[in-house]
Amino acid sequence: LDPTAELLQNNPCLAEFLASVLALPEPSPSILSFALRLAGTLAASESRFQHLQQEKLLVRLFGGDGPLNSALWEDASVRSGWLEGVRSMMYHQPALDFLCNGGGIDVIFTLQGDPSLFVASAASQLLVHMFTLSVESETTEPLSTKNCDWPVCAQMIIKHIEDSLRSRSASHIEQSLKLLTNLFGSCHATWTEVLWLGVAKQIESFLMEETVQVQHMLANLFLKMARSPVFSGTESSFWALVTSALEHLTPVQAGPLAVGILRLYKCPQDVRIQALTVLLQPMDCILRAASQPLEYAGLLDESVSDPTTVESLLSSKSTCVSLLCQTLAHLEELLSLIHLPVDLPYTSLLHSLMTILQFCNGFLSPASPLGSTISRFLINCFRIQRSALDVVAALSERKGCDALIGSLFDVLLAYLESPNTSPTVLKKTFRATSQWLVRLQELSCSNSRWQKTEILEDVFRVLQKRLCSPCWEVRDSSLEFVTVLIQYLRDQDEFRQSLLSSEVPRLTENLLEDSESYVRASAVTAVGHLAFITYFAPESPGVGNQYNKEHIFAKLQEILSTDPEGFPRRAVISIFTEWLSQGCTGQLEDTEQFVSRVIQTVEHDLDWEVRLRGLELVRIFCTHTVCQLGLPTCPYAPVSPAVTSSIHQNKTIQIFCRAKVFGFLFRSLCDCDKPVGQRACDILLGLSGYFCPISSLKNSQESGDSPAGHGIAWLQRTLRQGSLAQNFPTDGGNGVDFQDPESMMLALGTIDFVELRDELNKSSDHVEKSPQSLLQDILATVGTVEENEADCY
């Protein structure tokens, strides 16, 4: 917007609109809310603010005589519009003075406790903005803890915070704690430390306070402060308060604070150790409760707080499950970090996780009374099972757990075998098993070979049963598991031998005809990856390998042509693309035929994602063809004629024409689904830059009189019109022969693909999304506000 007052002077309708809304006896809440937002936006500039002040509009909208004291204030959209209007104008001192002197700031204090969470949050954020604006625009010297040194607006907010913190009202205290949390989280100026010193003692008292329960808000406040460079210095007294919080907050309240601290790199070592202790204490308690006397070393040497607190939480079913779920989620969060600022006791942690999983499936009978109680709570608790398996999977990336691998696979196999394992938990088990199998392959100890083979045979034995499950989710997860294993382990001898000696390949292929489309899609992907071992590997076993290869291609081609669901067809074209990119489709002549057969099927598919993936197949085919003929590795970059051999060019374009690539690309250019056209244009632009460098062709008039030239001219006109694919000639009509190398060379050199790309890249609303169109939309809602209330903004 024009920052000067001339915007309002040259467009008096804006002020007239605001006045007319105020003149209405009962304006619609949505219209009034819009007027408040508009007025605030206009008042963001100081000159426009003064102009609206002279017209008495701002005081009538935002002052005590405005909506504040009318029945319309009961509508949350009006209160929200008022706050947004005030927020929009808060960019200069006159607006700040207007609000503070007119009593508006007291309204914002009240709105912090609004029943609408959106309004309450906006009020808190607005106070943060006003505080920051006040301090940064009015102070020239460093601030002290004396209130008189703060600017007027900041003083009012500080007094409100201090009064609220001293009150006995939990809601008022919570509002001020939330305001401080937002302030310390968004502002890292040095004056925030001065503000903190004035309230620190009062906040510290809440850690010991039993009558006012606001401890649950302190962890978030301290975390925001810990991330600020103002408080993160190791000499800061703030860390002593964090230490006190870790000691006095309950384990559930302290958990988020502990994991947040462990993610920090600038933190005193003793605080970090204490945070780690808080986080690991529930896991330590589980480990100690599992056996009596303790057979394994616990996770902790000593507790940071009384272990009976954690034990009492684990002795109640609701608190036991919630505490363990929270702890496991925090551990997974930490383990997901590439660089951990702290060392975790991985072996003991893994043993604790295995104990939890055995409690959940009833395979462990603890001797201690606490262990028996916990095991009753956790039996078949899928929430705990899922969380624990996520952490087990994350631990596969960490060194130091190898001694427990055998025991871990016993636990995982028990879950894979158990009929009580839910489909969701089974999927998590498959994920953890695959990641630990990859870890197992990395071991180089002397006795690991037989251990790998034995474990793999057990896994495939269980997998055979799961592939025949009556539950489609189980069959689907099993196929995904097969695919993941092949992707990561297909180069390992033990894996290939165990896989091929099992029934898994046959069962996987059978599921290509499953009744559920998701399962058929997963089976396509699994069979496609199996082919890398069974058909495409140099040492692939079996007689009649070529026949089997043709058979599986024909089977997948049939799915691509006839499957009624999109998921399996998408999976087929993705697998064909993967085969092509891995060079598994034979010599160049075989690849030509392969690509031609695939794209002739794909171009008639009704699923745009299948057509889009077909274009990716074509892109890879073009790249590989150019590279195989010995041309530069960057095939689409324009190169000089001296480098690019015309013989190679002619041979390449002949291959593309025989494979019917150009017909597919040009028809895709006119596809009614925009992403397909964009991808086709990108490929043609690359081919144009390669076959027809800037110095050649690009002059359609040279060949304009030839029959081919007439056809290309028609083609260019058709492309510019954006004709839909169904209206595009499929038989070379109008003189365009998409299998004629000379015509296609002419097309690549004549058609302006850069212009076409720019047209395709324009958003669909580039014509309609204009001020005039927006005004028409607003006018169209008149008379039907109730139906279109959401649209009028």
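## Asp-114 and its surroundings

With a relative accessible area of 11%, Asp-114 is buried, since the cut-off for that label is anything under 20%. This is a predicted model, so read what follows with that in mind. Along the chain, Asp-114 sits in the loop between helix H8 (104-111) and helix H9 (117-138).

What does the side chain of Asp-114 do there? One polar contact goes to the side chain of Arg-79, at 2.7 Å. The Asp-114 side chain also reaches the backbone nitrogen of Ser-116, at 2.9 Å. If you set aside residues up to four places away in sequence, Asp-114 touches Arg-79, Val-119 and Ala-120. Arg-79 thus turns up both as a polar partner and in that contact list.

## Salt bridges between distant parts

There are 28 salt bridges in the structure. One of them pairs Glu-333 with Arg-263, side chain to side chain, at 2.8 Å from N to O. Glu-333 belongs to helix H18 (residues 317-335), while Arg-263 is in the loop between helix H15 (251-262) and helix H16 (269-290), so the bridge ties together parts that are 70 residues apart in sequence. Both ends count as partly exposed: Glu-333 has 28% relative accessibility, and Arg-263 has 36%.

## Two bridges from helix H23

Helix H23 (residues 423-441) supplies Arg-431, and helix H21 (residues 382-395) supplies Asp-390; the pair links parts of the chain 41 residues apart. The salt bridge between Arg-431 and Asp-390 has its closest N and O atoms 3.4 Å apart. Buried or exposed, where does Asp-390 fall? Asp-390 is buried, at a relative accessible area of 10%, whereas Arg-431 is partly exposed at 38% relative accessibility.

Lys-427 is in helix H23 too, and its partner is Glu-480 in helix H25 (residues 472-489), 53 residues away. Their side chains meet in a salt bridge at 2.6 Å, N to O. Here both residues are partly exposed, with Glu-480 at a relative accessible area of 32% and Lys-427 at 40% relative accessibility.

## A salt-bridge network

Salt bridges also come as a network in this model: Arg-570, Asp-607, Glu-609 and Arg-613 are linked that way.

## Helix H20 under cover

How many residues of helix H20 (residues 369-378) are buried? The count is 7 of its 10, which leaves the helix mostly covered. The buried ones are Leu-370, Gly-371, Thr-373, Ile-374, Ser-375, Phe-377 and Leu-378. An α-helix has 3.6 residues a turn, so residues three or four places apart point the same way.

The cover over the buried residues of H20 includes H16, helix H17 (307-314), H18, helix H19 (346-361) and H21. Several of those helices have come up already: H18 carries Glu-333, and H21 carries Asp-390. Just after H20, Asn-380 takes a positive phi of about 60°.

## Gln-274 in helix H16

H16, one of the helices covering the buried residues of H20, is also where Gln-274 is found. Gln-274 is buried, with a relative accessible area of 10%. Which side chain does Gln-274 meet in a polar contact? The partner is Glu-247, and the contact between the two side chains is 3.5 Å.

How values were computed: Residues numbered from 1 in each chain as written. Predicted model: local features only at pLDDT ≥ 70, side-chain atom pairs only at ≥ 80, totals over all residues. Heavy atoms only, no water. Salt bridge = Lys/Arg side-chain N within 4 Å of Asp/Glu carboxyl O. Helix = DSSP H or I, 4+ residues; strand = E, 2+ residues; numbered from the N terminus. Buried < 20%, exposed > 50% of the residue type's maximum accessible area, 1.4 Å probe, protein only. Polar contact = N/O pair within 3.5 Å; in protein donor to acceptor, adjacent residues only side chain to side chain. Contact = heavy atoms within 4.5 Å.
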